[in-house]
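Colleague: I would like a close look at one part of this model, namely how its secondary-structure elements pack against each other. Please take it slowly, and begin with how far the coordinates can be trusted.

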Amino acid sequence: MCGIFGYIGAKNNAAKLVLEGLKALEYRGYDSWGVAVVREQRTPPYAKASADGANSKQLGKIVIEKRVGKIGDSFLNSKFSIINSNAAIGHTRWATHGGVTQANAHPHTDCNNTLALVHNGIVENWQPLKTQLMSLGHKFRSETDTEAIAHLVEEEMKKRGFVGSVRDAFKKLAGLNAVAVLSLDGQIAVAKNGSPICLGIGKKEYFIASDAVAILPHTKKVVFLEDGQGALINKGGVKVFDLNTGRPIVKRPTHLKWSVEAVELGRYPHYMLKEIYEQPKVILNIAENYKDQIGGLASLIKESYGTYMVGCGTAAYAALVGSYLFSRIAARHVNFSVGSEFGYLTHFLTPKSLVIALSQSGETIDIIDSVRAAKEKSAKIACLVNNLGSTLYRMSDYKILLGAGPEKCVCATKSYVAKLTILLLLAYAMNDGLVGGTQLVRKASQAAEEILKKKYVEDIKKLAQKISKHDHIYVIGRGLNYPTALEAALKIKEVSYIHAEGFAAGELKHGVIALIEKGTPVLVFAPNDETYEAIISGATEIKSRGGFIIGVSPKSDPVFDVRLPVADVGDASPIVNVVVAQLLAYFLALERKADPDKPRNLAKSVTVR
Ligand code: F6R
């Protein structure tokens, strides 16, 4: 949550580079944004920076621009963006402490504007820190926890140089935090404990970002900081150090594998649509290239005594599908928990347990906490994760990358089907049936292609027009497609803001059916499996009470008022069915004039508790 981006280098358009970097990170929060640059005085500060930041002769002036809302495209060419500068930091905010106001937007400064600071995380002891700093005469201008850090660094700077002050101030913070601090002489110090920070190493230029995806257009060489590490970035390069001792740490850069084109919108109006369309390829790639990795994880599961799958939101629904797949294909019980609850269920973990963590970002705090708790019990950790080098990736003993490419829309689409595909193959591999499973996955990829054809998409668009004025949409499924119902409802509500709920169809008569009124749209997943008869019977009961039944099924049935046909792909039905729901959610968002890429109140990476 919140995106940090920074630049130091030979180029003199640091503000513009940072604004572009922030735009690439906007999915991490878009309540407000802000950029601080060191405006060049006579000699560029970048050219004169010293190793520790104690250089006081060549000071520049820190200029800050901040606004509420998303970064408008026009701003990329504003007066501010062309200020001559070699060093800048910026922030895109998902508000935690303090309302969504310009004053609360980052960067924050000290009393004398000698530094600018951006922050991702929550300073749990900010109140006592603020009180103490105010008693020492510091003047606060915002309601944020972040501003306390800026004044704390200022206070420390009365005693020592820039980088030492950032280190000592950071050590006084409670909670999970990452900061980047820009000094008057154009250096940037960063410190990390919990929230992600990585550094891009270019040619005579360096980048700081909360997520490597923003660095990708500039360089593929990235250093990921670990908790308890900091860095000083200036014209001499990047120096990583231990935050506690100050000792230098040698880090080898990771080479990013994603292409620059993968993060561009191309011919699509929204990332959500682009990412939906990428799914058949993502599925096929896994079918063709993941045999060994899947085999390796299957062996780990067989060796373990107790396997647990954890994820949050959409990733949790993928894990839930996994538990059904393991049951029916591999006759293996897999425990499932949402990340935020897993901590209350760890009493059974032993060194023989295996925890499989599912996450697109690899930074979701509840997943990182789950993994930490499991590690404390010496359990083995495997992960299905999209982001190379992410915290989860680094913490895991066994890792499978989803290979979905960068997912920029705030809501998860292609990372979900990638997880489902890997879990399906994994279940087949457990049963020595990987060859058959792979064939099924190829069929699923083809079936997803069919859904993405023009005529089909037009039909979904028309359906969205028809039902978009409703306040409630319900979704039902059974067995393998019970999680599909949950995921479909989540997609609809988060991008269109229509209240949508997914239910296990068997629960209808236990209370849910009371919600049905004349014309209420109900999406019914009716695959050609053992759930078919029962789900049709549930749909019929809803129809008798006036519900408008939208069937997603390979079979036609008189109960459907509208049918969205899908191929019969057996156990792969959750992979295919969800594509229909994603498209419906997308078009509902457009009908309701919502931005499907950046739904209100959300951020892609939930890095605070
Ligand atoms: C919904 C969505 C979220 C994420 C969840 C976990 O569309 O995107 O529910 O799935 O926040 O995120 P990751 O997978 O990054 O751990």
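Modeller: The pLDDT is the predictor's confidence in each residue, on a scale from 0 to 100. This is a predicted model, and its protein chain averages a pLDDT of 94, with 97% of the residues scoring at least 70. The stretch to set aside is residues 43-57, over which the pLDDT is below 50, although the model gives this stretch 43 contacts beyond near neighbours in sequence. Where pLDDT is low, the predicted coordinates should not be read in detail.

For the packing itself, take first helix α16, residues 482-496, and helix α18, residues 573-591, whose axes are 8 Å apart and meet at an angle of about 20°. Because angles under 35 degrees count as roughly parallel, α16 and α18 are therefore roughly parallel to each other. The crossing in which α16 passes α18 is right-handed. On the α16 side the contact is made by T484, E487, A488, K491, I492, V495 and S496, while α18 contributes P574, N577, V578, A581, Q582, L584, A585, Y586, L588 and A589. Sorted by character, the residues of this contact of α16 with α18 comprise eleven nonpolar, four polar and two charged.

The other pair is helix α8, residues 291-303, with helix α13, residues 414-430, which pack at an angle of about 60° with their axes 9 Å apart. That angle makes α8 oblique to α13, and α8 passes α13 in a right-handed crossing. From α8, the residues I294, L297, A298, I301 and K302 make the contact, and they are met by I422, L425, L426, A429 and M430 of α13. The contact of α8 with α13 divides into nine nonpolar residues, one charged and no polar.

As for the annotated context, an unreviewed UniProt entry lists "domain: SIS" for residues 297-436 and 463-599. In the model, residues 297-436 are 46% helix and 18% strand, with the end C-alpha atoms 18 Å apart, whereas residues 463-599 are 38% helix and 20% strand, with the end C-alpha atoms 21 Å apart.

Two points of backbone geometry may also deserve a look. Most residues other than glycine have a negative phi, and most peptide bonds are trans. A331, in the loop between α9 (314-330) and β16 (335-338), has a positive phi of about 45° although it is not a glycine. H106 and P107 are joined by a cis peptide bond, with omega about 0°, and P107 is placed in the loop between β4 (87-93) and β5 (108-109).

Notes:
Residues numbered from 1 in each chain as written. Predicted model: local features only at pLDDT ≥ 70, side-chain atom pairs only at ≥ 80, totals over all residues. Heavy atoms only, no water. Axes fitted to C-alpha atoms, helices over the stretch in contact; angles between N-to-C directions. Helix = DSSP H or I, 4+ residues; strand = E, 2+ residues; numbered from the N terminus. Parallel < 35°, antiparallel > 145°, perpendicular 65-115°, else oblique. Left-handed = near helix turned anticlockwise from the far one by under 90°. Contact = heavy atoms within 4.5 Å. Nonpolar A, V, L, I, M, F, W, Y, C, P; charged D, E, K, R; others polar. UniProt positions renumbered as here; feature names shortened; annotations may be inferred.
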